[in-house]
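Work through these short exercises with the model open beside you. Each task is followed by a solution in steps.

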2 protein chains.
Amino acid sequence: MSCVNEFAPQLRARGFRATPQRMVILHVLRHAGGHLTPSQVFEQARIDLPGLTEPTIYRTLEFLATSGFVLAAHVGNGKMVYELAEAQHHHLICRHCGASTEIEHAPLETLYHQLEVTTGYRLDSSHVTLFGLCPACQS
Amino acid sequence: MSCVNEFAPQLRARGFRATPQRMVILHVLRHAGGHLTPSQVFEQARIDLPGLTEPTIYRTLEFLATSGFVLAAHVGNGKMVYELAEAQHHHLICRHCGASTEIEHAPLETLYHQLEVTTGYRLDSSHVTLFGLCPACQS
DNA sequence: ATCCTTATTGCAAGTTTTTGCAATTGTATC
DNA sequence: GATACAATTGCAAAAACTTGCAATAAGGAT
Ligand SMILES: [Mn+2]
Ligand SMILES: [Mn+2]
Ligand SMILES: [Zn+2]
Ligand SMILES: [Zn+2]
């Protein structure tokens, strides 16, 4: 659990609490190499913290997402998935076979800037999911 | 209901059936000026077709979406929403107040093309949702 | 008009996600 | 270290969504 110590002061500095539930969930996300669904987070997290309940999983993941500690995404299977917010990236997913490719943020910069100018919105550049057909599924 | 007659032959031509359930749901979507959640579709549609059930709503909306008659989107409140697939467009939504602005597809063309070249995927350009802060919420 | 095939629906049950509220527990202050 | 306040949690119930399967009915063929 020492690998999530950094988060406690970050939470407190913003007026939030560093609860065991939050620490365990962050810990699970840190050691999962990729996107996890709420049930997957629940399965893992309850091992370290037996009393933990599902409503807390859902509420905590949403809290961590809106406060910027984790990224959320819809990846086409209907379920929301979460991961620790580390490197900036996006996803490109095959509608047919589900194959998925990571996209850097760089190629979206121009578009984001252009949209900010024309709409007046300030875009936050996080974790977009685009769909299409992968090379193998185009026949 | 004559306003959804066009869909019956389109369905049959592709080997699907033009069922009353599908016609009514398309009719509801045609007269709703915007995105509807499955429950909203259900409320409306059951008026015209009393026997209609929720599983049929969910399955039909998903069917219509994957076969291209309707567009689906996640608009930030956790619920999926649907609308008739007419003009090509995308959405820009304020994370803070929920305000939303439509985006033309044109500004995304360059990006899509660039991503197709670098990834080999063929992007289908439908109904992306981007998030940010609207002009009013940027203080 | 009737028959046949099979896509689609309804039903019943299961799973997932949300919500309201009272009890708990972090953390700031003394 | 003890106290007080408010954020956060667990609990119980509700709502939303999914699934398997048997019954129905759309549409093509005769
Ligand atoms: Mn990701
Ligand atoms: Mn739309
Ligand atoms: Zn594929
Ligand atoms: Zn706003």
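**Exercise 1. Find the partner of D124(A) in a salt bridge, and place that pair in the contact between the chains.**

Solution. This is a predicted model.
- Step 1: Apply the cut-off, a Lys or Arg side-chain nitrogen within 4 Å of an Asp or Glu carboxyl oxygen.
- Step 2: D124(A) pairs with R95(B), and their closest N and O atoms are 2.4 Å apart.
- Step 3: Count the salt bridges between chain B and chain A: there are two.
- Step 4: Turn to polar contacts, where 11 residue pairs join chain B and chain A, both residues at pLDDT 80 or more.
- Step 5: On the side of chain B that touches chain A, α5(B) gives the largest share, seven residues.

**Exercise 2. How many residues does each chain give to the contact, and what area is buried?**

Solution.
- Step 1: Chain B gives 30 residues and chain A gives 30 residues.
- Step 2: About 2,400 Å² is buried between the two chains.
- Step 3: Carbon and sulfur atoms give 65% of that area.

**Exercise 3. Which residues coordinate the manganese ion (ligand 1)?**

Solution.
- Step 1: List the donors: H35(A), H89(A), H91(A) and H127(A) through NE2, and E83(A) through OE.
- Step 2: Read the distances, 2.0 to 2.2 Å.
- Step 3: Along the chain, the donor spacing is H-x47-E-x5-H-x1-H-x35-H.
- Step 4: H91(A) sits in strand β3 and H127(A) in the loop between β5 and β6 of chain A, so this pair ties together parts 36 residues apart in sequence.
- Step 5: Buried means under 20% relative accessible area. H91(A) has 4%, so H91(A) is buried. H127(A) has 7%, so H127(A) is buried.

Methods: Residues numbered from 1 in each chain as written. Chains lettered and ligands numbered in written order. Predicted model: local features only at pLDDT ≥ 70, side-chain atom pairs only at ≥ 80, totals over all residues. Heavy atoms only, no water. Donors = N, O, S within 2.8 Å, 3.2 Å for Na, K, Ca; no water. Helix = DSSP H or I, 4+ residues; strand = E, 2+ residues; numbered from the N terminus. Buried < 20%, exposed > 50% of the residue type's maximum accessible area, 1.4 Å probe, protein only. Contact = heavy atoms within 4.5 Å. Buried area = accessible area lost by both parts, 1.4 Å probe. Polar contact = N/O pair within 3.5 Å; in protein donor to acceptor, adjacent residues only side chain to side chain.
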